[in-house]
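Biologist: Please take one part of this model and look at it closely. I would like to hear about the core and the helices that pack around it.

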Amino acid sequence: MDDHLLDWLTTLDEDRLARVLAGRPDAIAAPWPRRLDTLARRLGDDFAVMEVMRGLPLPPLEILQACLVIGERATADELARFLGVTTAEVVPWLDGLYDRALAWPARDGRLHLAPAVARWWAAPCGLGEPLASYLESWTVNAEALRRMSRNLGLPAQGGRRQLLARVTAVLTDADRVAALLRDAPDGTVSLLDEFAWDGPVRGVDGNRFVAPGSPEHWAADRGLIFRPQWDIAEMPREVALALRGPDYRAPFTPEPPKLGTVPADAEAVDHAMCLAAPHAVDRAAALLENTDKTPLPLLKSGGVGVREVRRVIKETGCTEEETRLLLEVCAVARLLAWDDAAGGLVPTKRFDAWRLEDAPARLRVLLAAWWRMERTSLRRTAGRYATVLDDDPAGETVARIRRAVLATLATLPEDAAVASVPELVQAVHWRAPLLDRELLAECCPAVLAEARLLGLVVSDGLTALGRALAPLGSAVAGDEQDESVPQIERDPALVEASVHALAGAQRTALFGGDLTAVVTGPPAAELAGLLDRAADRESQGAASVWRFSAASVRRALDAGYSAESLLEDLRAAGTIPQPLAYLVKDVARRYGEVTVTTVGCIIQGSDPALLAEIAAHRRLSRLGLRLLAPTVLAGAATADRTLTALRDAGYAPVPVDDTGEIAVRREPQGGRLILLPGGRVAELEEPPPFIADPPPDPREHAKRLVRTGDEQRQAGQTWAVIGRLATRLPTAQQSLLGFVVDRGVRALITLSDGLTATVSHGELRRGVLDAWCEEAGDYLEFPLADIASVTSG
């Protein structure tokens, strides 16, 4: 924990502290901190700091770099001077850093940075490590310092501190370094300029550093560059600044690059959105239903092969781009998953619930999955698409690029679209400079193409649906592995936009005497599902056409329709012509003339009375036995299960192989199958989606923190209280409970009434342990006298 940060937090009032908590929602995630020292530890966490930095635009990152270069003497005025701007231009960006606890002012006005900033940023402004880290290294002994002093024209007498002070004074003074270079060998200035301007660490030829008279040898003898490895050399930060000169100003770009735009017709954009959004829902349902019929196998190396993708394209009528995108979106949404028994990807139980939802809710599930998806379905590498559902090494960065692209497009007026993708890449880079620039340029066109298919982008400008999605960052979306329901699906603005996007979907069709159905406009998902079940889709676009046939009607009857129910549903969608009604009734009349039955096994016997007795046996009813002939029974269960059940019922059956010969089998090792009452096999039900509780309100939590203050317990007070009041616990368990209080460790406690709780982050007050309870998701009080045992959690 940074003591400077804690000191600053103690000086904040409720409003200022609430701004910090709002700027760093990660710091008040459950279990919520109740003391300022706990809050300071969370705010200073290395990975949390890096996560915040990754979401910052370019100006605050440039300020952080400048502060690192200036060092301990950094103030707002000194920072403005180093950046070449006025203090008033710097202050708003500094306030943003204060709100995120990445920087804060001390009482004397000096700026402090979170220690993690320096750890994550090794070369701010393209500058290397401070000079002191080289001169005070164990590789530079006193003799080396004296030799360096003599080469710099300095006295070589005195102790190590005196030598360090003299050498530092020369190497940090631009005028003295310039004077030193006047006597340097030819090529020294150009060599040092490369280090000063193009990077503090460079590959070198180690032999030149031991060659007398070479520029490398001359510069290394005077401490202008250091060589930690034979072929690697580095230039200290102060030396590079001296070479850049007193007029050098660190880069500062407070204004984003201008983004060229072209006008966009708002009505046309809205119309295109209302076409694309229902189409995406319709195509996702078609893909899922196709995998329900034919599981989608995976390659041994992972992902779905090209041959399978082409088969799905042919069978569903989707385009290649739609197939690639929606398969991956459905997998992230947990609508599609691997099934060992099926040997491929099949729809999950979530799909059953998804298709019963209304169309806007189904669309939001797809959008939420795309928002957190860690792949780009339509990105081309070397002119080729990647394997569908294969791992993407870029991973989380891809999701960040997607959000940054839409956030940048959201800055444009509603009647404007971006003029060119390279300009968009430049603008996105200003908003998220820590993203890989090459990956950003590669992914940006793919993100736009995917967004068009989902109705989020039209003509490289955001639709109303895209503008509702763009402000929802990573904290709302969750990550790709998150099993809980993302908050994005319940966002009020996105709910409203999704309803509007699907309001224009057609719920009626024009049925023709030529056995066709035409939908002029985007079909509603319910209508498209009905027509897909009863007819074959021939075309899609501005108008979709389906054709009825005997085979398609039979397919609907196979799905559970009767002639009356199918005609009733079709009449609800439009006027049914006589030829279509005749077709449905004719197919239904002949439907079922021949039956085909699947059986698990066949039971044969020479005595018809014995087989009739077995068929009527109550204990064998779960086998699903039915009499096909006087001496033949068909069963629904497998042969092994039927054999065991008959023997348990007192009969003596024998198994036979396919040739009719008796097969002798050994009993399998490892126990019997346990059945639930009624013959049902135990099956693991998928748990309901977990919806996390929102964090506390920043303003209310700031009030509690200010009220609590930074009261510190006296040493030994925890152990004394626990030893006096937790009398049921042995000494070792009392010590463990003390760690729950003093160090916030996790433990399982059991109360005298048998109740258990997993606790952490405890405090002692008035004879009770006030600790975070994982089961309750809140802080609860547990009387110390009632705690019967404590075990490590």
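Modeller: Here is a walk through the core, its helices and one buried residue.

This is a predicted model, so local features need pLDDT of at least 70, side-chain atom pairs count only at pLDDT 80 or more, and totals for chains, interfaces and linings use all residues. Residues are numbered from 1 along each chain as its sequence is written, and side-chain values use heavy atoms, with hydrogens and water left out.

Start with the core. A nonpolar core is a set of buried Ala, Val, Leu, Ile, Met, Phe, Trp, Tyr and Cys residues joined through side-chain atoms within 4.5 Å. Buried means under 20% relative accessible area, exposed over 50%, and partly exposed in between (1.4 Å probe, protein chains only). The largest nonpolar core has 88 residues. Leu9, Leu39, Ile63, Leu79, Leu224 and Met235 have the most contacts inside it. Helix H5, residues 58-70, gives the most to this core: eight residues. Helices (H or I, at least four residues) and strands (E, at least two) are DSSP runs, numbered from the N terminus. Domain 1 (3-126) and domain 2 (131-239) both give residues to this core, so it lies between them. Those domain bounds come from an automatic or database domain assignment.

Now zoom in on Leu224. Its contacts (heavy atoms within 4.5 Å) include Leu171, Trp218, Met235 and Val239, not counting residues up to four places away in sequence.

Next, the helix packing. H5 packs with helix H7, residues 87-99, at an angle of about 90°. Their axes are 10 Å apart. Axes are lines fitted to C-alpha atoms, for helices over the stretch in contact, and angles run from 0 to 180 degrees between N-to-C directions. H5 and H7 are therefore roughly perpendicular to each other (65 to 115 degrees; under 35 is roughly parallel, over 145 roughly antiparallel, and the rest oblique). H5 brings Pro59, Pro60, Ile63 and Leu64 to the contact. H7 brings Val90, Trp93, Leu94 and Leu97.

Helix H22 (residues 421-431) joins this picture. Its buried residues are Leu424, Val425, Ala427, Val428 and Trp430. They pack against H5, H7, helix H21 (396-409), strand E11 (416-418) and helix H23 (437-453).

Last, Ala240. This residue lies in helix H15, residues 237-244. At 3% relative accessibility, Ala240 counts as buried. Ala240 touches Leu127, Ala196 and Met235, not counting residues up to four places away in sequence.
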